[in-house]
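Biologist: I am new to this structure and would be grateful for a guided introduction. May I put my questions one by one?

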Amino acid sequence: MYAHINNSIYYHYFDTIINEYLIKKCGLDTSSENKTKPIGLVVASQANFYASASYPNMIHAGLSISKIGKSSVTYRVGIFEQENPLACVVGGFTHVFVDPVTRRPVKELPKEFLEGFKELLV
């Protein structure tokens, strides 16, 4: 309607890039049968908007991790339109990883998760 991508859609982009990385590189198990591997719950999110992106232009995303805690991780995502080197949106969120049954924070992040996270730590 406004000839640009709605602000809320960027949060879908953040969620998609982060979860795809977690599944492919950290061993996140999103199946309903998972009773042992931690799952991530979003406890904070934010976005700063610098320019509009328009459909159907190509969108690129860059992912980094700014902080790793005992049970939490903070991600940063940059969204870029076409080949523009300046991000139109920068944001992300913080996951607290919890037991999939009790929903209580894990005492420590699994080794497989940490290995994947450290690849993106800046």
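**From one strand residue to the core**

Modeller: Let us begin with a single residue of this predicted model. Ala 44 has a relative accessible area of 39%, so it counts as partly exposed.

Biologist: In which strand does Ala 44 lie?

Modeller: The residue just described, with its relative accessible area of 39%, belongs to a strand. That strand is E1.

Biologist: Which residues is Ala 44 in contact with, leaving aside its neighbours within four places in sequence?

Modeller: One partner is 48 residues apart from Ala 44 along the chain, with the two C-alpha atoms separated by 8.6 Å. Contact here means heavy atoms within 4.5 Å. With the neighbours within four places in sequence left aside, Ala 44 is in contact with Gly 92, Phe 93 and Thr 94.

Biologist: Does the span of helix H1 agree or disagree with its number of residues, and how far apart are its end C-alpha atoms?

Modeller: H1 has 19 residues, and at 1.5 Å a residue they should span 27 Å. The span in the model agrees with this, because the end C-alpha atoms are 28 Å apart.

Biologist: Which elements do the buried residues of H1 pack against?

Modeller: The buried residues of H1 are Tyr 10, Phe 14, Ile 18, Asn 19, Tyr 21 and Leu 22. They cover an arc of only 160° around the axis, so they lie on the same side of H1. On the other side of H1, His 12 and Lys 24 are exposed. The buried residues pack against E1, E2, E3, E4 and H2.

Biologist: Which element gives the largest share of the largest nonpolar core?

Modeller: This core has 25 residues, and those touching the most other members are Tyr 10, Phe 14, Leu 22, Tyr 75, Phe 97 and Phe 117. Two or more residues come from each of H1, E2, E3, E4 and H2. The largest share, 5 residues, comes from H1.

Biologist: Which residues of H1 does Tyr 75 touch?

Modeller: Residues up to four places away in sequence are not counted here. Among the residues that Tyr 75 touches are Leu 63, Phe 97 and Phe 117. H1 covers residues 7-25, and within that range Tyr 75 touches Ile 18 and Leu 22.

Biologist: Which residues are the closest to the centre of the largest pocket?

Modeller: About 180 Å³ of space lies in this pocket. Its lining takes at least two residues from each of H1, E1 and E4. Of the 16 lining residues, the closest to the centre are Leu 28, Asp 29, Thr 30, Ile 39 and Gly 40.

Technical notes. Residues numbered from 1 in each chain as written. Predicted model: local features only at pLDDT ≥ 70, side-chain atom pairs only at ≥ 80, totals over all residues. Heavy atoms only, no water. Core = buried A, V, L, I, M, F, W, Y, C linked by side-chain atoms within 4.5 Å. Buried < 20%, exposed > 50% of the residue type's maximum accessible area, 1.4 Å probe, protein only. Helix = DSSP H or I, 4+ residues; strand = E, 2+ residues; numbered from the N terminus. Expected span 1.5 Å × (residues − 1). Arc of directions from axis to C-beta. 1 Å grid on protein atoms, 1.4 Å probe; cavity = no way out; pocket = protein on both sides within 12 Å on 5 of 7 lines; lining within 4 Å. Points joined across faces, edges and corners; volume = space filled by probe spheres on them.
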